[in-house]
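Thank you all for coming. I would like to take a few minutes to walk through one structure, so please have a look at the sequence and the model before I go on.

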Amino acid sequence: MRTNVLTQAMALTLLIGAASAQEITLTPAQLANPIVPFGAGTVDSFTPDEFGVLIDGDLGDKDDFSRIVISWDFFGAPIDASGADVFTLTIDPIEVNTPFLNAVMFIQTADGMGGFTFIEGSVSAEWTLLEPVELTVPLTGIVGADQVARVGFQAFGPGALFPSETPIVFRVEPSTPPPCNAADVAEPFGVLDAADTMAALAESTMPCEPANVIGMNPLTFFQDALLGFSEITGDFNGVAASGNGVVVDAELLDNDGFSENTFGFLTTNPVVDASANDTIELEVQLLSGEASQARLVVKEGPTFFFVAGDSVDLTSGEPMTIFLDTSVLATPEDIREIDIQVFGPDGSELSSTNFELRVRPVGEGLPCGPTDLVEPIGVYDAFDILEHVRAFNAGCP
């Protein structure tokens, strides 16, 4: 537990902020892979930007209007927006050749009958200046707000009267900015204020628990073992070191109504003994692609008997822990292989079969929380306090 140094250093900044409407927006990681779900417009390229994505495209021509539609799909792992009042995105037109342009944001939610409901916000005013515009979809009273499967917007131009002026470049960003530095640990992000102080104080009074751990005594695997991942089913493009874990680049294999990929590593020399552990655990985080679920699989004994843990839902950018309870193993002292099985929707529903998954050990070596800032990670101490105070005093750029 931290000492009262943080309290003494920052208690003078404590204030109570006014309540405001709850907004939900897409994270930079979620914005990294836009698609064009319908319409005549095209996307020539998209590039992850500082806080979002830069989209270079063409409005396309119809008889009396031009339009480009951009969306982000979460059909495999819908977003729960039920706690928010409004869904927002910030659109910054970087290059516009048409004499006028406006846009409208939309979402699609599950309708409870196997289909999806299309919901639009208000059409923006005409964009006469190249300034960021916030698009919104009100969520109050929306059925299925806990199952948002698609988020996007449509931008409209003047149509075929200006056939050579349809190229367009957008920057799309979260409407809520990401944290500006290490001390920016609470909303509103992008500014250091009393909310950050209060969150840091609350964090400092909590004992530092191992992050993302499910069992009381979990067995996990570290980078040297994880770098041994290789293909079992589906195409495996490679594995690379990342932080204290790895990033796996792979392809989902179409499999009669769903898609899957399994990769793993052998532990036969020597075998792994998990008899003293109550769980086997790893942390996974979807970085890109349309994978929707993952689970941990072990193969035990000389016959490589297959035993799988429960599947967890994957949401882009959100770390999840996959685990197996060792009580279901016949020979926990004789584990021969560790696999991760990844699932997606039917192959015909995929815009791309490629996905990237970060895999890391759980527990020791992972941050306790947002104010666990410096080494040793996994321990709250005076060095974390000093770093938080330094970042807070430095201010946001």
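I will go through a sheet, the nonpolar cores and two loop residues in turn.

Please keep in mind throughout that this is a predicted model.

Let me begin with the sheet, which is an open one made of four strands in the order β4-β9-β6-β7, with antiparallel pairing. At its edges are β4, covering 66–73, and β7, covering 116–120, and each of these pairs on one side only. If we ignore direction, neighbouring strands in this sheet are turned by 20° against each other on average. Looking at one pair in detail, β4 and β9 run antiparallel and are joined by eight bridges, and, to give you a point to find on the screen, S71 stands opposite G152 in β9.

Now to the loop that leads into β9, where I would like to show you A145, which sits between β8 (133–138) and β9 (148–157). Is A145 buried or exposed? Its relative accessibility is 8%, and because of that A145 counts as buried, the cut-off being under 20%. Setting aside residues up to four places away in sequence, A145 touches I79, D80, A81 and S82. The C-alpha atom of P78, a residue 67 places away along the chain, is separated from that of A145 by 9.6 Å.

Let me turn to the nonpolar cores. The largest of them has 35 residues, and those with the most contacts inside it are F229, F263, I340, L357 and V359. Several strands give two or more residues to this core, among them β14 (245–251), β16, β17, β22 (335–344) and β23 (354–360). A second core, separate from this one, has 33 residues, including L31, A81, W127 and V137. Coming back to V359, its contacts beyond four places in sequence include L226, F229, V248, F263, L282 and I340.

My last stop is T267, found in the loop between β16 (259–266) and β17 (279–288). With a relative accessible area of 7%, T267 is buried. Which residues does T267 touch, once those up to four places away in sequence are left out? They are V272, I335, R336, E337 and I338. For I335 there is also a polar detail, in that its backbone oxygen lies 2.6 Å from a polar atom of the T267 side chain.

So those are the places I wanted to show you, and I am happy to take questions.

How values were computed: Residues numbered from 1 in each chain as written. Predicted model: local features only at pLDDT ≥ 70, side-chain atom pairs only at ≥ 80, totals over all residues. Heavy atoms only, no water. Buried < 20%, exposed > 50% of the residue type's maximum accessible area, 1.4 Å probe, protein only. Contact = heavy atoms within 4.5 Å. Polar contact = N/O pair within 3.5 Å; in protein donor to acceptor, adjacent residues only side chain to side chain. Core = buried A, V, L, I, M, F, W, Y, C linked by side-chain atoms within 4.5 Å. Pairing = 2+ DSSP bridges. Axes fitted to C-alpha atoms, helices over the stretch in contact; angles between N-to-C directions.
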